[in-house]
Amino acid sequence: MAQRKHLDDFLRGRIIGRLECGRTQLEVSEELGIAQSVISRLWQRFQDDSNVSRCYSTGRPRVTTPNEDRYLAVTAKRNRRSTASDLSRQLSSATGTTVSGQTVYRRLGHIGLYARRPVRCVPLTATHCRLRLAWSREHALWTPQQWSCVMFSDESRFSLQSDSRRTFIWRAPGTRYHQENTIERHRYGGAGWLVWGGIILGSRTDLHVQSVTMTGHIYRDVILEQHVRLFRGAMGAEFLFMDDNARPHRANIVDKCLQSEDITRMEWPAYHRT
């Protein structure tokens, strides 16, 4: 259905002016491209009260005042994790005005604040950033042949408990990666499954899945002995192994195993990601 268009006051005046000059309603309708019924109602109204301005209906009165709308906006920006119910209770406590959660959503939406999931990122210090930049510059000119000797490995933990992904924040469009809209977190507690895998140019390892916590002994006996050592034997002395700097990977028994198998570990900054 086409959206209904309202006549502005200037066009209404043109219509009345032509009718007062003796033009017929049909002629004015054809000239201005406006339905004759609209012109007829406008002329009738002009004859009744000499007024052609559009009457705006008041509709349902707004529950909140402009000041209360600003209060909601300021409160949401100060605590972006507040829910609509929280904001509604705070408004009621501060001003005595009771509104629904849906009203809060509408008021904040009018100023460009919407409930969105926060972005999660790895917490990085200035030292982390400096080391990551130095590593990238050092390896920027490596050839595909050099990278083909590197096995990249990583392990991901899939939590069986909530990681607060149901938590929303209030943010404006285009501000997803602003600092106030991010959560720095890289560890999650509770039960879960751990998946380890390694990739190398043109090949990959089998995935290793376990429900217990990774320890130095498990890493040595399962990951290094059953997976990494086989690739080292096939590729020779040029083989480089990259791990993700987790604590079990830096255990003394892991270092001794790498030395005994003549496996060279690639230096890799903490919290580095490809």
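Begin with the whole chain in cartoon view, where 10 helices and 10 strands can be traced; bear in mind throughout that this is a predicted model. Of the 274 residues of the chain, 33% count as buried. If you display contacts between residues at least 6 apart in sequence, 68% of them join residues at least 24 apart.

Next, select helix α2, residues 25–32, together with helix α3, residues 36–49, and orient the view so that both axes can be followed: the two helices pack at an angle of about 125°, and their axes lie 9 Å apart. Angles from 65 to 115 degrees would count as roughly perpendicular and those over 145 as roughly antiparallel, and α2 and α3 are therefore oblique to each other. The handedness of the crossing of α2 and α3 is right-handed. To see what makes this contact, show the side chains of Gln25, Leu26, Val28 and Ser29 on α2, and then those of Gln36, Ile39, Ser40 and Trp43 on α3.

From there, move to helix α6, which spans residues 101–110, and select Thr103 within it. Thr103 has a relative accessibility of 8%, and because buried means under 20%, Thr103 counts as buried. Add Ser100 to the selection, since the side chains of Thr103 and Ser100 make a polar contact with each other, at 3.1 Å.

The next stop is strand β4, residues 169–171, where Ile169 is to be found. With a relative accessible area of 4%, Ile169 is buried. Which residues is Ile169 in contact with, leaving aside its neighbours within four places in sequence? Select Arg80 and Arg81, then Tyr114, Ala115, Arg116 and Pro118, and lastly Asn181, and the set of such contacts of Ile169 is on screen. Val119 is also worth displaying alongside Ile169: the two residues are 50 apart in sequence, and the distance in space from C-alpha to C-alpha is 9.9 Å.

Finally, turn to the cysteines, selecting Cys21 and Cys257 in turn. Is Cys21 buried or exposed? Its relative accessibility is 67%, so Cys21 counts as exposed, whereas Cys257, at 7% relative accessibility, counts as buried. A disulfide is a covalent bond between the sulfur atoms of two cysteines. How many disulfides does a search of the whole structure find? The search finds 0 disulfides, so there is no such bond to display at this last stop, a disulfide being a pair of cysteine sulfur atoms within 2.5 Å.

Technical notes
Residues numbered from 1 in each chain as written. Predicted model: local features only at pLDDT ≥ 70, side-chain atom pairs only at ≥ 80, totals over all residues. Heavy atoms only, no water. Buried < 20%, exposed > 50% of the residue type's maximum accessible area, 1.4 Å probe, protein only. Helix = DSSP H or I, 4+ residues; strand = E, 2+ residues; numbered from the N terminus. Polar contact = N/O pair within 3.5 Å; in protein donor to acceptor, adjacent residues only side chain to side chain. Axes fitted to C-alpha atoms, helices over the stretch in contact; angles between N-to-C directions. Parallel < 35°, antiparallel > 145°, perpendicular 65-115°, else oblique. Left-handed = near helix turned anticlockwise from the far one by under 90°. Contact = heavy atoms within 4.5 Å.
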